[in-house]
Amino acid sequence: MARLAIASAASTSYCTAPRGSGKSELVRALAQDLELDLREACTREEGGSPAVEPRVAILVECDRLVDDGQTVLLFDEIEDVLDAKGPPGPGHLGPSTSRAWLERQLERNRLPTVWTSRDASRIDPALLSRFALVLEIPAPEPEVRRALWAREANASDVLAPSDLDTLATRFATTPAEIARAIATARLAGGGAADASGVSTILESLVRARSVRAELVRPSPASYRPDCVNASADLEALAQRLRGWTPEEPGVAMLLHGLPGTGKSEWVQELGKRLGRPVLARRASDLESKWVGESEQNLARAFEEASARGAILLFDEVDSFLLDRRGATARHELQLTNEFLQQLEVHAGVVACTTNLLERLDPAVLRRFPLKIEFRPLTLVQAAALFESYFGPMLGHHAIAEARAGIPQLLAGVGTLTPGDFAAVARRLRITGELRSAADAVRLLQDEVALKPDAARRVVGFST
């Protein structure tokens, strides 16, 4: 029944997504699956540029002549019909096409037609309302991107499974961008693509704003849930949220504490526990020089999290949620106001992290039923992380001999966090200068001493 309805309906559909997302391929696959005759309004002028007027003529003639119930028309890139050289604002039509004609075409077409677009914001809402179906194709999820990277790679490429995982996690790429990145890396690498070459190519696309770089978190092997010292039982909270459904009121968590205490990493761990993606957003993803666009970016983040069933993570929320009591201009208030409104109605899980709790607006604080402090490590946790990080470097035999004295060595270091251990371990992987457990303790002392507020902290560990 569904196939007959789709095949016979004289309706107009609209599909929007960035270039290379697979819009046209999706339409072709659907037509093949439904056993329909797909015709494309596609012609090119000399030099390869799409010709607008002949494409419109094809559209009109097909709609007038074809009425067999088995034909669907694809009109790629509706931007060709909209006048990119017109005055600012969406919905300006080219010289050969009037707005009234396009509205009539969308309302009265006899032939089922699918239009595609790279940017829905260019389409006037009045025109969008004429489409029977509007479909957005977002960038693939990381697990889908992982499969696309694996499909594009071949035996000649130097891409380990861990490389594919990193590329899929870090870069929000489209299928076409993945194929181009590997092809370009092969060209530059003498026939073989490696992780470094592919990353360099994608980083250039990030700078050109063609793709977006995601936050990269430590691998699961470097994360120890038992070495997170929080004011709440995180294991019990994860179990409680496992059965949470989007239809229920949302869950808003404010995670605060010293840098390096594992706030953002725990959110990533929570996503794995719940089997949900984590949609991480930074201030740079939201803020814009145009008035009102920052609020739109924030609203889109909430919408995307709802559509994907994702946990929405705002890192360093104090960098863009200003205390409104100190604001001097109206636009300084708008992003905070938009955040409060979105948080009020969002049905999913939202986690915000901050190292500077005192900078947040009191109204923001009230919106978080869960306020969880992430504290420095206890002495037992510090000793466990010491063995976890430095045991493989020193050798397990050496660590076993020093194990009894490690807590005593660490007791005089000061307030340690998981981030301190990670920073020292990164240094040692570069320098290779670790010779004894005492060397590791000295490096941890150096790391703690460099913190701006080290002199004000109480030396020692909680139990």
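A crossing is left-handed if the near helix is turned anticlockwise from the far one by less than a right angle, and right-handed if clockwise. Helices (H or I, at least four residues) and strands (E, at least two) are DSSP runs, numbered from the N terminus. The model is predicted: local features need pLDDT of at least 70, side-chain atom pairs count only at pLDDT 80 or more, and totals for chains, interfaces and linings use all residues. Residues are numbered from 1 along each chain as its sequence is written, and side-chain values use heavy atoms, with hydrogens and water left out.

**Exercise 1.** Describe how helix α19 packs against helix α20.

Solution. Step 1: helix α19 spans residues 418-431 and helix α20 residues 437-449; their axes come within 10 Å and cross at roughly 120°. Axes are lines fitted to C-alpha atoms, for helices over the stretch in contact, and angles run from 0 to 180 degrees between N-to-C directions. Step 2: α19 is therefore oblique to α20; angles under 35 degrees count as roughly parallel, over 145 as roughly antiparallel, 65 to 115 as roughly perpendicular and the rest as oblique. Step 3: the crossing of α19 over α20 is right-handed. Step 4: D420, F421, A423, V424, R427 and L428 of α19 make the contact (heavy atoms within 4.5 Å) with L443, L444, E447 and V448 of α20. Step 5: this contact has seven nonpolar, no polar and three charged residues. Here Ala, Val, Leu, Ile, Met, Phe, Trp, Tyr, Cys and Pro count as nonpolar, Asp, Glu, Lys and Arg as charged, and the others, Gly among them, as polar.

**Exercise 2.** Determine which residues join α16 to α20, and of what class they are.

Solution. Step 1: the axes of α16 (residues 379-394) and α20 come within 11 Å and cross at roughly 130°. Step 2: the two helices are therefore oblique to each other, and their crossing is right-handed. Step 3: F386, F390 and L394 of α16 meet A437, A440, V441 and L444 of α20. Step 4: the contact of α16 with α20 comprises seven nonpolar residues, with no polar and no charged ones.

**Exercise 3.** Analyse the packing of α6 on α7.

Solution. Step 1: α6 (residues 142-152) and α7 (residues 161-170) pack at an angle of about 130°, their axes being 8 Å apart. Step 2: α6 is therefore oblique to α7, and passes α7 in a right-handed crossing. Step 3: P142, R145, R146, W149 and A150 in α6 meet P161, L164, D165, L167, A168 and T169 in α7. Step 4: these residues divide into seven nonpolar, one polar and three charged.

**Exercise 4.** Trace the open sheet of six strands and locate its edges.

Solution. Step 1: the strand order is β8-β13-β9-β12-β11-β10, with mixed pairing; two strands pair if DSSP finds at least two bridges between them. Step 2: the edge strands, each pairing on one side only, are β8 (229-230) and β10 (278-281). Step 3: β9 (residues 251-257) and β12 (residues 349-354) pair in the parallel sense over six bridges. H256 has T354 of β12 as its bridge partner. Step 4: helix α13 (residues 293-308) packs on the sheet and touches β10, β11 (311-314) and β12, its direction making about 170° with that of β10.
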